[in-house]
Amino acid sequence: MNFNRTDFPKGFLFGAATSSYQIEGHQFGGAGPTHWDTFATGPGNVVRQENGALACDHYHRYPEDFALMKQAGFDSYRFSTSWARVMPDGINVNPEGLDFYDKLVDSMLENGLKPAATLYHWELPSALSDRGGWTNRDVAKWFGDFTATIMGRIGDRMESVAAVNEPWCVTWLSHYIGHHAPGLRSLRAAARSMHHVMLAHGTAISTMRDMGMSNLGGVFNMEYANPADNSPEAARAAQLYDGIYNRFFLSGALRGEYPADVLEGIEPHLPDGWQDDFPVITAPLDWVGVNYYTRKNLRFDDTPWPSLEEVEGDLPKTALDWEIYPEGLAFFLKRTHEEYSKGLPIYVTENGMASDSGFDDQDRIAYLNAHFAAAKDAMDAGVPLAGYYVWSLMDNFEWAHGYKSRFGMVHMDFESLKRTPKASYEALKIALTR
Ligand code: FCB
């Protein structure tokens, strides 16, 4: 890497991130079915119809994974807790699930890793999905109960906790675009889920606050919205994309309002009384997490609202065809600080790239160098950035892209489950330990 630990302030947390369904092996330990298991059975939803049944078998092999984290000199590990593992039907408790996370957290601590938990990283229990999932207002209460249950067991040892990973993916991507479970394509379902996910977020934060926990935050994904051409229409298209993708959730959680340009399309579909929920939604946060990967180029087309068309851009791309645009990370860190979080510590909670270059992933090293440099620029401009988590520790189940897209610093042989550090892992290890 072209930086090392001493280029960042003392106490800055260097970490790696994963999520439960993507690595654990959902078939183990009495976990219940999730909407991702269901979604994967549909034709064309997931590459090769793969699912997370085995994944990286982290369920049994976590000591090896944490040893790799420790050897590389990471300070913190961002993981998530599977609702369906802890509560197989979304309501009743599976003691084995609680035992698993209890042991997992102890093992992190034994390896000198500060546990940074995310309560929900997308695998909704099927039983709750059958009851409407995120489109059902009751999901906020169910999520509050899950929060109390899992944090009642491991909450005493958390460095930090976030409620929901990437509200945009949970809602718009999954209920309007249909690219993720449950695969709906409906503006009404999207609007309702967008509001309910915010309500669930606020409910989880207050639940943990009432339990005496601290260092609670929200993790938002952001994509830089670039106009596809120089026309004022393309500028408006980019602005609207930015509203739906980036500003809606930040504004809900931190300002207690939804942006007018987004309301224009979704308000008719929001549940009655939505305006009264902001006192819950704006439960005070201690930090904000930014997940950043890429930018999109936008213009309008003649489809129904929001009438957005994504146009292929001309920047270098990752193996998933995502444009590489590090400046976008600096932009979002500054904007989040100046306009939304106003002085709260910010973390880069995910950043990384899909690459097909195998063990010698020089492209990933270059990507990380450029994005760490952008983060440094933002810090020089006054952003209180407190840590940076690389996505991901190891190759894993990349949702609709199955096991084909590899984001790991550690290579996974999905047959033998052998873990092999790539060049990026070795480079970060030098940066963090010398
Ligand atoms: C993020 C997700 C994470 C992974 C990366 C590549 O949106 O949080 O699970 O899929 O993208």
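How far is an oxygen atom of the ligand from an N or O atom in the side chain of Glu398? Select the ligand and Glu398 together to find out. The separation is 2.9 Å. Keep in mind throughout that this is a predicted model.

**Stop 1: polar contacts of the ligand**

Stay on the ligand and add Gln22. A ligand oxygen atom lies 2.8 Å from an N or O atom in the Gln22 side chain. Now add Trp399. Here an N or O atom of the side chain is 3.0 Å from an oxygen atom of the ligand. Next, switch on the surface. The ligand taken alone exposes 290 Å², and the protein buries 94% of that.

**Stop 2: the shell**

Widen the selection to the residues around the ligand. Gln22, His121, Trp122, Asn165 and Glu166 belong to this shell, as do Tyr293, Glu350, Trp391, Glu398, Trp399 and Phe407. Colour them by class. Five are nonpolar, three are polar and three are charged. Then hide the ligand and look at the space it takes. That space is the largest pocket.

**Stop 3: the whole chain**

Zoom out and show the cartoon. The chain has 15 helices and eleven strands. Along its principal axes, the C-alpha trace spans about 50 × 50 × 45 Å. Does the radius of gyration agree with a compact globule or disagree? It agrees, because a compact globule of 434 residues would have a value near 22 Å and the chain has 20 Å.

**Stop 4: two cis peptide bonds**

Most peptide bonds are trans. Select Ala181 and Pro182 for a cis case: the bond from Ala181 to Pro182 has omega near 10°. Pro182 sits in the loop that runs between α8 (167-176) and α9 (187-210). Move on to Trp305 and Pro306. They are also joined by a cis peptide bond, with omega about 10°. Pro306 is in the loop between β6 (287-300) and β7 (308-311).

**Stop 5: a positive phi**

Finish at Ala55. Most residues other than glycine have a negative phi. Ala55 is not a glycine, yet its phi is positive, about 50°. Where does Ala55 lie? Look in the loop between α2 (35-40) and α3 (58-71).

Notes
Residues numbered from 1 in each chain as written. Predicted model: local features only at pLDDT ≥ 70, side-chain atom pairs only at ≥ 80, totals over all residues. Heavy atoms only, no water. Near = heavy atom within 4 Å. Polar contact = N/O pair within 3.5 Å; in protein donor to acceptor, adjacent residues only side chain to side chain. Areas by Shrake-Rupley, 256 points an atom, 1.4 Å probe, with all protein chains shown as cover. 1 Å grid on protein atoms, 1.4 Å probe; cavity = no way out; pocket = protein on both sides within 12 Å on 5 of 7 lines; lining within 4 Å. Sits in = over half its atoms within 2 Å of the grid points. Nonpolar A, V, L, I, M, F, W, Y, C, P; charged D, E, K, R; others polar. Helix = DSSP H or I, 4+ residues; strand = E, 2+ residues; numbered from the N terminus. Rg over C-alpha atoms; globule rule 2.2 N^0.38 Å.
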